[in-house]
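Work through the exercises below with the model open beside you, and try each task before reading its solution. They deal with pockets, cavities and a sheet.

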Amino acid sequence: MIKLDYHTLESELEFTFTISRSSKSISKTIITEISYEYNGEIFSGIGEAVFSKFYGEDEESVKAFYQKIINDKSLEDLDIFNIQDLETRLEKYPYNYAAKAGIDIALYDIRAKILKLPLYKYFGLDKSKAPASSYTIGIADLETIKQKTLTALERGYDILKVKLGCKDDLEIIKMIRKLAPNARIRVDANCAWTLKESLDVLTEIKALNIEFVEEPLLQSSNPEEYKELFLKSPLPLMADESCKRLLDIPHCAKYFHMINLKLTKTGGLTEAIRMIHAARAHGLKIMLGCFTETNVSISAMASISPLVDFTDLDGALLLAKDPYANGLFQKNEIHLRDKVGLGIEI
């Protein structure tokens, strides 16, 4: 029998985190805890729902979803290893992907614990192939960005993801490159620019040795603008906001070179793995991403990181203190641990 509990967790960020469309100093997520009896023994799993209003979820919608699952007794008699049945049951409740991810993570945690395996071994992966994570520098005034960059470099983070989408874009990226001449730098505009602005900025920053750019175009852009940018872009383009679920992969393959997967969008690891294989079939490179969140969901995503090309799993590193810190990171290198399940104590 499955029992689901949940509670809200608020975590202060080390620095105020700003992107082109929003800003925050507190990270709020919902932690799920699931207990399951297997062969007379009680196993407990932990998950995390990282909700985002941009994707149609907030604290209240996630709580309402979980309460409905509890009230409807939707999962009580579930065979925890029957993932097909789980998906069928959850499909009765459309959308709510962040909330579903919280359940998905906790159930994978339990499955791996029952089998006495770390989650990466449950998936049959080689932990030595996990790509190092980038560290995100959010939008701020130039002096604050300088401090953030120097702090990141002092901590050994040599892959930087720079948020752009403000009036100081070129000054920001040029300053960071000057401060970090040897760092790998990626840019994320979060749908901030017109087609002309995108081409102008990308042409300007190409000389700064930028790896790729995420979602430069405004969401209101039409398919012809996406096509023109894809054909003319001097830098590789990565889809994030444009790539939510499996069915988005063929569309993204027309206009992007890479995709960014997040549990908030995929609804869990099962869909994320499907999307990884579909993306490979379409010739796309893949990054695993996150929001500001704890090592609960970061550890879940890290467990499948040997399958992908890049990671941006710094969400917990941006917190002032992570209550679920588990030694996953050494600087920005991901070191998958050999504790069973997620390797996180409830």
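**Exercise 1.** Determine which elements each supply at least two residues of the lining of the second largest pocket, and describe that pocket.

*Solution.* The elements are α2 (83-90), α3 (97-114) and α11 (269-281), where helices (H or I, at least four residues) and strands (E, at least two) are DSSP runs numbered from the N terminus. This is a predicted model, in which local features need pLDDT of at least 70 and side-chain atom pairs count only at pLDDT 80 or more, while totals for chains, interfaces and linings use all residues. Residues are numbered from 1 along each chain as its sequence is written, and side-chain values use heavy atoms, with hydrogens and water left out.

Next, take the terms: on a 1 Å grid over the protein atoms alone, a cavity is a set of points where a 1.4 Å probe fits but cannot get out, and a pocket is an open set with protein on both sides within 12 Å along at least five of seven lines; lining residues have an atom within 4 Å of a point. Grid points are joined across faces, edges and corners, and a volume is the space filled by probe spheres set on the points.

The second largest pocket holds about 300 Å³, and of its 17 lining residues Glu 87, Leu 90, Lys 100, Arg 245 and Gly 267 lie nearest the centre. By class, this lining has six nonpolar, four polar and seven charged residues, with Ala, Val, Leu, Ile, Met, Phe, Trp, Tyr, Cys and Pro counted as nonpolar, Asp, Glu, Lys and Arg as charged, and the others, Gly among them, as polar.

**Exercise 2.** Find which element gives the largest share of the lining of the largest pocket.

*Solution.* Begin with the volume, which is about 670 Å³ for the largest pocket. Of the 31 residues that line this pocket, Ser 22, Lys 24, Phe 51, Ser 52 and Phe 291 are the closest to its centre. Two or more lining residues come from each of β2 (23-38) and β5 (159-163), and the largest share, five residues, belongs to β2. The whole lining divides into ten nonpolar, eight polar and 13 charged residues.

**Exercise 3.** State how many cavities of 30 Å³ or more the structure has, and describe the second largest.

*Solution.* A search of the whole structure finds three such cavities. The second largest cavity has a volume of about 80 Å³, and its lining includes Phe 15, Phe 17, Tyr 135, Lys 148 and Leu 318. At least two lining residues come from each of β1 (2-18) and β4 (135-137), with β1 giving the most, five residues.

**Exercise 4.** Work out in what order the strands of the open sheet are arranged, and which helices lie against them.

*Solution.* The order is β1-β2-β3, with antiparallel pairing; two strands pair if DSSP finds at least two bridges between them. Because β1 and β3 (41-49) stand at the edges, each with a single partner strand, one side of each is left without a neighbour in the sheet. Nine bridges join β2 to β3, and Tyr 38 has Glu 41 in β3 as its bridge partner.

Helix α1 (residues 59-71) packs on the sheet and touches β1, β2 and β3, its direction making about 170 degrees with that of β1. Contact means heavy atoms within 4.5 Å, while axes are lines fitted to C-alpha atoms, for helices over the stretch in contact, and angles run from 0 to 180 degrees between N-to-C directions. Finally, α3 lies across β1, β2 and β3 and runs at about 145 degrees to β3.
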